[in-house]
Amino acid sequence: MSGEMGTLWFCLVAGMIAVYVLLDGFDLGAGAIHLLVAKTDSERRQVLASIGPVWDGNEVWLLAAAGTLYFAFPALYASAFSGFYLPLMMVLWLLILRGIAIEFRNHIKSAVWDPLWDFVFCASSLLLAIFYGAALGNVVRGVPLDGTGYFFEPLWTNWRLGSETGILDWYTILVGAVAASALAMHGGLWVSLKTSGAVSQRAAQLAGRVWWAVAAGILVVSAVTFRVQPQVQENFRTWPWGFIFPALAIAGAAGVKFFQARNEERKAFLSSCGYLAGMLTSMVFGVYPLVLPARNSLYSLTVSNAKAGVYGLQVGLAWWVVGMILGGGYFTYLYRAFAGKVSLDGGGHGHRSGD
């Protein structure tokens, strides 16, 4: 029972992180590409309008996932926050700057300040995508945990996968670059879906070009990860049914290209969601039962040694279900209320022009 409860919460936390990536991923991608697809002030406000009603709500999933992680795997939470303190502070500041840029750009009209907010919005969104990818790369690669359960990593060391790892090395930067490409494609498909005219066309074209980097990223990251983390290869060999997850990623990537060629924007965006979900679940499946691999496998944190008490997990499960029903209902209403192409007629962001 103890092992089953730990595995269940492992899947729930992974699922919440995946939902966060799917939702906040498109507005991060929209921010990263908006200087490329929007050439005028009106066009840039179109891009902001496409994410205006939902971007802050999407970030709630990050808070919810972190809170669930703290509840279900307190040892993992303590170790990760101790070792990743520096990049976590950088992510926090990027989130703050991004939020400030979105709101100030919308509420304060200034020929002097608007270009600054546009740059901050773009740079912070792009850097967040890279940092999130690098964070995933760190978790898959492993960190220098010791017998105490804690570790420290500098921002970089010698860029190699030795015993003295840094947050950034060739592998984590590779994963970060692929993540940034994937979210740029995801954001481009969202902007294409939610806007009209030249902005929609440029966003679709950009997503189509970035698709090639994403497709190459699937092959390169998959091949390298099998060598970097032996647990991944072992899991896929032990449970061949797990290949359904990379198959989902490949089908999603193929779907993006297929539906873009047919000009079916909604289906192309949903295919991108399938690609991201497939890639994330492949990584999660590959590292299980590890929740934080160590460079020395003796000190790795697993589902068994990092989870909270069974009774607490059982009680928490009931409240988690209630919370997810409420949260899911709210997000369903929100996305239905702001369905359709955006319009700037009412000023600000978040108006729709109809289904």
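S79 sits in helix α4 (residues 74-83) of this predicted model. With a relative accessible area of 3%, S79 is buried, because that value falls under the 20% cut-off. Leaving out residues up to four places away in sequence, S79 touches L145, G149, Y150, F151, L292 and L301.

Another serine makes a good companion to this one. S200 belongs to helix α8 (residues 197-228), and its relative accessibility of 7% makes S200 buried. Once its neighbours within four places in sequence are set aside, S200 is in contact with S192, T195, E265 and K341.

**Two helices and their spans**

Helix α13 covers residues 310-337. Its 28 residues reach 40 Å from the first C-alpha to the last, close to the 40 Å expected at 1.5 Å a residue. If you would like to find the residues of α13 that are buried, look for L313, G316, W320, G327, F331 and L334.

Helix α6 (114-141) can be read in the same way. It has 28 residues, and the distance from its first C-alpha to its last is 40 Å, close to the 40 Å expected at 1.5 Å a residue. Just after α6 comes G142, which takes a positive phi of about 110°.

**Salt bridges**

Side chains of opposite charge can pair when their charged atoms come close. How many salt bridges does the model hold? The count comes to 13. Three of them are set out here.

| Pair | Closest N to O | Burial |
|---|---|---|
| R98 and D27 | 2.5 Å | both buried |
| D114 and R105 | 3.8 Å | both buried |
| D169 and R141 | 2.5 Å | both buried |

Let us take the R98 and D27 pair, whose side chains meet in a salt bridge at 2.5 Å, N to O. R98 lies in helix α5 (residues 85-107) and D27 in helix α1 (residues 2-37), so this pair ties together parts that are 71 residues apart in sequence.

The side chains of D169 and R141 also meet at 2.5 Å, N to O. D169 lies in the loop between α6 (114-141) and α7 (170-194), while R141 is in helix α6, so the pair ties together parts that are 28 residues apart in sequence.

In the salt bridge of D114 with R105, the closest N and O atoms are 3.8 Å apart. Which residues are linked with D114 and R105 in a network of salt bridges? The network is made up of D41, R44, R45, R105, D114 and D118.

**Where α2 meets α7**

Two packed helices are described by the angle between their axes and the distance between the axes. For helix α2 (residues 41-51) and α7, the axes come within 10 Å and cross at roughly 100°. That angle falls within 65 to 115 degrees, so α2 and α7 are roughly perpendicular to each other. From α2, the contact is made by V47, S50 and I51, and from α7 by W190, V191 and K194. Sorted by character, the residues of this contact divide into four nonpolar, one polar and one charged.

**A residue of α5**

Helix α5 is also home to M89. Is M89 buried or partly exposed? With a relative accessible area of 32%, M89 is partly exposed, since a value in between 20% and 50% earns that description. The C-alpha atoms of M89 and I173 are separated by 19 Å, and these two residues are 84 residues apart along the chain.

**Backbone details in the loops**

A few backbone angles are worth a visit as you move through the model. In the loop between α6 and α7 you will find W159. Phi of W159 is near 70°, a positive value in a residue other than glycine. W159 has 37% relative accessibility and counts as partly exposed.

N263 is found in the loop between α10 (244-261) and α11. Although it is not a glycine, N263 has a positive phi of about 60°. At 62% relative accessibility, N263 counts as exposed, because this value is over the 50% cut-off.

Finally, where does P289 lie? Its place is in the loop between α11 (265-287) and β1 (290-292). A cis peptide bond joins Y288 and P289, with omega about 5°.

Technical notes:
Residues numbered from 1 in each chain as written. Predicted model: local features only at pLDDT ≥ 70, side-chain atom pairs only at ≥ 80, totals over all residues. Heavy atoms only, no water. Helix = DSSP H or I, 4+ residues; strand = E, 2+ residues; numbered from the N terminus. Buried < 20%, exposed > 50% of the residue type's maximum accessible area, 1.4 Å probe, protein only. Contact = heavy atoms within 4.5 Å. Expected span 1.5 Å × (residues − 1). Salt bridge = Lys/Arg side-chain N within 4 Å of Asp/Glu carboxyl O. Axes fitted to C-alpha atoms, helices over the stretch in contact; angles between N-to-C directions. Parallel < 35°, antiparallel > 145°, perpendicular 65-115°, else oblique. Nonpolar A, V, L, I, M, F, W, Y, C, P; charged D, E, K, R; others polar.
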